[in-house]
Amino acid sequence: MFEPLRAAALLGLLAGGVFVGLSAQVTSSPTPSPGQQSEKTSEDAQTPTAGGVNTGPPQAAQYDAQHRPITAGGFVKTGPVVFEDISEKAGLTHWTHKMGTPQKKYIIETNGSGVGLIDYDNDGWLDIYVVNGSTFDALDGKETPPHAALFHNNHDGTFTDVAAKAGVTNDRWGVGVAIADYDNDGWPDIYVTNWGKNRLYHNNRDGTFTDVAEKAGVQLGNWSTGATWGDYDGDGRLDLFVPGYVHFDRDNLPSGGENGVPDTFCTFRGVPVNCGPRGLKGEPDHLFHNNGDGTFTDASEKAGVADTSGYYGLASLFVDINNDGKMDLLVADDSTPNYLYLNKGDGTFEDASYQSGYALNEAGRETASMGIAAGDFENNGMVDVFNTTFSDDYKPLYRNDGAGNLTDSSYQLGIAEISVPFLGWGNAFLDYDNDGWKDLIMADGHVYPQVDQHAWGTSFAERPMLFHNVGGKKFETVPAVEGSGLADVITGRGLAVGDLFNDGKLDVVINVMDGHPVILRNVSADKNHWVELKLVGGPKSPRDAVGATVYVTANGMKQRGDVLSGGSYASTSDPRQHFGLGQATKVDDVEVRWPSGKVEHFNAQGVDRIVNIAEGSGK
């Protein structure tokens with residue numbers, strides 16, 4: 001059954017008309033945005049969708065009052081400012097991400113890279129690791145490879161890039177970053193995925209790292225994407241899952257037409273673009289079991305998660321979906337069905353992708369999924385899942401109905417229609433105003449520069465989107481105030497969330513393809529209280545407590561948080577658990593369900609503070 005808005009949009013398209021959105025800021029019009037070519041016609045909006053990317057049918061263009069695509073416009077002049085872009089003041093704008101050429105002739109040049117938040121020196125302040133891409137010329141030795149950045153937090157609102165000193169510049173075609181303490185020594189390590197060999201940077205505990213990927217057996221060698229850490233077999237050691245995207249061969253570059261990829265896989269709305277992912281060979285996924293001696297064993301096939309179908313994996317996340325205390329596994333696939341593997345507790349997984357409802361969206365169609373956000377937006381004790389997808393498609397939010405069942409509820413929750421023109425990447429649940437309800441944010445940016453030459457109502461550079469959670473019943477779009485961080489028009493890719501300044505407000509870091517990274521500092525005017533919990537696991541749990549579930553009871557509600565590594569496109573957020581408390585001035589209870597299976601209760605000892613919690617010290 002169609003929602004009213006969806007039915008109206010469909011009828012408008014079938015009639016050759018235009019669809020008018022609800023917002024007063026938004027109109028649908030064939031009028032080109034400034035700078036666009038004059039030969040565009042109304043046929044642009046009626047052209048069949050591409051073959052290379054699986055998405056919805058072409059949607060009517062949406063423009064704002066200034067005839068800008070809504071993805072690069074729709075701003076309001078006044079209103080509450082949630083985020084301020086402090087990238088320049090913080091010292092991040094001297095560093096630039098680079099991936100391929102501006103023409104984006106090949107798919108390898110389009111996907112951008114991730115960002116990870118890590119307290120690498122254990123000083124109590126989050127540092128920022130930003131992955132860089134590369135170019136064919138750099139791979140051929142014709143130019144210096146672009147370096148990754150490790151921005152050390154100076155505790156004064158500024159950051160200093162210490163990547164060279166720390167030994168983590170990567171200097172390969174970088175994609176993603178997954179952060180966790182894989183050897184349980186109390187210091188976080190960095191796994192970097194690449195097109196080419198991956199890196200596992202072991203923390204030397206002196207401000208430097210050593211790449212041990214080859215020795216550990218986790219290098220791989222083609223195109224790896226958004227990895228995740230989690231203890232899937234309950235032995236107290238973190239294992240590593242690495243999704244594979246496309247098998248990209250430098251010596252056989254994909255091109256449309258004769259002796260190449262069929263033209264149908266190299267077009268978008270009838271316009272020639274870079275080829276893929278459909279029409280290209282998929283790269284398999286890998287699950288590496290932690291042997292506890294610094295090495296890993298590939299257990300992909302034994303565990304049943306090897307992706308024998310050859311889907312195009314972009315993001316993954318270990319998280320307990322069915323509340324049985326075991327880490328399940330989500331994989332977001334581009335233009336192919338998503339995976340949900342339920343942990344059977346014997347070292348293997350059950351593929352529940354279709355029966356759970358996660359493989360496809362509400363329309364029964366596979367999506368071009370990019371990032372995974374997991375969080376309990378209803379405060380009912382179950383983890384819900386939000387996926388970012390391509391433009392011309394809404395972004396599905398899967399409500400957790402229990403017992404491993406997920407229902408796409410995006411239209412009912414109010415985030416579907418407004419998200420259609422955007423191409424989303426990194427994403428996260430976050431309580432930006434500390435009212436006790438988890439909100440949603442996503443970074444956006446297109447993959448085809450050609451979209452700026454057509455009247456499609458989308459754009460290559462796009463603004464991020466923030467959705468406010470209204471009591472767990474629906475989400476409302478937070479307006480982008482001119483000059484604020486939400487009005488940044490950027491080619492966003494990886495996104496991570498964390499309390500960069502230890503002030504109890506969650507900030508956002510975005511890795512911008514071919515641009516400088518963006519810090520969106522949370523300047524919300526709310527006066528709500530909060531508490532943050534840093535967990536330390538005991539001898540039978542991972543030391544950094546990845547896989548732990550936390551329940552905080554305050555203000556008449558019980559919230560859930562999960563310590564996770566990965567999920568958001570190619571990125572890792574702050575492992576500390578943040579809870580907004582509204583006007584509550586005390587926390588009634590903190591319950592921690594540790595990866596070991598132990599359940600303990602703690603006293604938060606006040607509000608508006610960061611609390612360290614160690615396994616074995618509770619009741």
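**Note on a disulfide and on D85**

1. C266 is a buried residue, its relative accessible area being 4%. This is a predicted model, and the values below are computed from it.

2. C266 has a partner: a disulfide links this residue to C275, with an S to S distance of 2.1 Å. Two cysteine sulfur atoms count as a disulfide when they lie within 2.5 Å. Applied to the model, this rule gives a count of one disulfide.

3. Is the partner, C275, buried or exposed? C275 is buried, because its relative accessible area is 4% and the cut-off for buried is under 20%.

4. What is the handedness of the disulfide between C266 and C275? The torsion about the S-S bond is about 105°, so this disulfide is right-handed.

5. The second subject is D85. This residue belongs to strand β3, which covers residues 83-85. D85 has a relative accessibility of 28%, so it is classed as partly exposed; that class lies between the 20% limit for buried and the 50% limit for exposed.

6. Which residues does D85 touch, leaving aside those up to four places away in sequence? The contacts of D85 are G485, D488, V518, I519 and L520. A further pair to look at is D85 and A487: they are 402 residues apart in sequence, while their C-alpha atoms are 9.3 Å apart in space.

7. The side chain of D85 also has a polar contact, made with the side chain of S87 at 2.5 Å. When checking D85 in the structure, the reader can therefore look for a pair of N or O atoms within 3.5 Å, as the rule for a polar contact requires.

Conventions. Residues numbered from 1 in each chain as written. Predicted model: local features only at pLDDT ≥ 70, side-chain atom pairs only at ≥ 80, totals over all residues. Heavy atoms only, no water. Buried < 20%, exposed > 50% of the residue type's maximum accessible area, 1.4 Å probe, protein only. Helix = DSSP H or I, 4+ residues; strand = E, 2+ residues; numbered from the N terminus. Contact = heavy atoms within 4.5 Å. Polar contact = N/O pair within 3.5 Å; in protein donor to acceptor, adjacent residues only side chain to side chain.
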